[in-house]
Amino acid sequence: MRLTKRFSLLAAAAAFTASTAAVAAPTFINILTGGTSGVYYPIGVGISQLYSKGIDGAKTSVQATKASVENLNLLQAGRGELGFALGDSVADGWNGVEDAGFKAPLKKLRAIGGSYPNYIQIVASKESGIKTLADLKGKSLSVGAPKSGTELNARAILKAAGLSYEDMGKVEYLPFAESVELIKNRQLDATLQSAGLGMAAIRDLASTMPLNYVEIPQEVVTKIGNDAYQAAKIPAGTYDGQEADVPTVAITNILVTHSDVPDDIAYQMTKLLFENLDQLGNAHSAAKDIKLENATKALPIPLHPGAERYYKEAGVL
């Protein structure tokens, strides 16, 4: 009798311990961003702060990556819970476009929502003489890490302008900050960067030397032939010495998760994000362009059910 009672007590204690452990188990949320000198990273830090305070038991981390393509592959592998990616890269990942860096279709990807637009920003040292896309011929240009979202943008834009990498004097595949350092040291003529407006790397460069801001005309945007690319402009005064608006192209960034993230967590992630946009705008000015009314538009992948639940509550679905 005593033995039976003892086993019953032990079983009850074990069950209580297991239950307590389950309740206390932390929710890990790894946020995949980009290089620390870009825009994804500071906004990712801002989001992590929202989640660590607003989601019970959340353990958040922010991972600097090579951005879009790497982020999507990591999400498919379950090595992150939220990632930033350009809309065209998301479509390529979903469809498994190998030339874009995806060996197979990434069918576990799910959208949290559209965010702010990336602007293609082509800057050149004034002494390089580069003022137009055609002037890039024979010059040295950095286009971002190989098969990154930025580099895929560079390919599309140069092709639409009747150019290729073979037309360049030299092509470097470098992240934003490294490209800027080479321009400062007169080892590089120009860099193409895909990011939110007011990005740190270009601000840094503009504060140290005179620059030319290269236009991407409307006709080039049209020739790209991809709805993810929309004509836009970099407003005058975005950077030191930029006295006029610069026509360019914009691509929407999408916040992506994966199907193994629980519905309730995805719901909280979405709700906290869109109900604290003012705070995110303090993390980086680009986040001020995130709009709830645009979050569900033209997404190339399915919404996560948790995100969908929030949008229905918010009245945008």
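**Exercise 1.** In this predicted model, determine which residues of H2 meet which residues of H9, and describe how the two helices cross.

*Solution.* Begin with the contact itself: from H2, the residues Ile47, Leu50, Tyr51 and Gly54 meet Gln268, Met269, Thr270, Leu272 and Leu273 of H9. Sorted by class, this contact of H2 with H9 comprises 6 nonpolar and 3 polar residues, with no charged ones. Turn next to the geometry, where the axes of helix H2 (residues 40-54) and helix H9 (residues 263-274) come within 10 Å and cross at roughly 120°. Because of that angle, H2 is classed as oblique to H9. As for handedness, the crossing of H2 and H9 is right-handed.

**Exercise 2.** Establish whether Ser68 is buried or exposed, and find the backbone atom that its side chain approaches.

*Solution.* First locate Ser68, which belongs to helix H3 (residues 68-76). Its relative accessibility is 1%, so Ser68 counts as buried, the cut-off being under 20%. A polar atom of the Ser68 side chain then lies 3.0 Å from the backbone nitrogen of Leu86. Leu86 also appears among the residues that Ser68 touches, sequence neighbours up to four places away being left out, together with Tyr40, Phe84, Ala85, Ser89 and Gly149.

**Exercise 3.** Carry out the corresponding analysis for Gln242, a loop residue.

*Solution.* Gln242 sits in the loop that runs between strand S9 (229-234) and strand S10 (246-258). Since its relative accessibility is 4%, Gln242 counts as buried. The side chain of Gln242 reaches the backbone nitrogen of Thr238 at 3.4 Å. Beyond four places in sequence, Gln242 touches Tyr213, Ile234, Pro235, Ala236 and Gly237.

Methods
Residues are numbered from 1 along each chain as its sequence is written. This is a predicted model: local features need pLDDT of at least 70, side-chain atom pairs count only at pLDDT 80 or more; totals for chains, interfaces and linings use all residues. Side-chain values use heavy atoms; hydrogens and water are left out. Helices (H or I, at least four residues) and strands (E, at least two) are DSSP runs, numbered from the N terminus. Buried means under 20% relative accessible area, exposed over 50%, partly exposed in between (1.4 Å probe, protein chains only). A polar contact is a pair of N or O atoms within 3.5 Å; within protein, one must be able to donate a hydrogen and the other to accept it, and residues adjacent in sequence count only if both atoms are side-chain atoms. Contact means heavy atoms within 4.5 Å. Axes are lines fitted to C-alpha atoms, for helices over the stretch in contact, and angles run from 0 to 180 degrees between N-to-C directions. Angles under 35 degrees count as roughly parallel, over 145 as roughly antiparallel, 65 to 115 as roughly perpendicular and the rest as oblique. A crossing is left-handed if the near helix is turned anticlockwise from the far one by less than a right angle, and right-handed if clockwise. Ala, Val, Leu, Ile, Met, Phe, Trp, Tyr, Cys and Pro count as nonpolar, Asp, Glu, Lys and Arg as charged, and the others, Gly among them, as polar.
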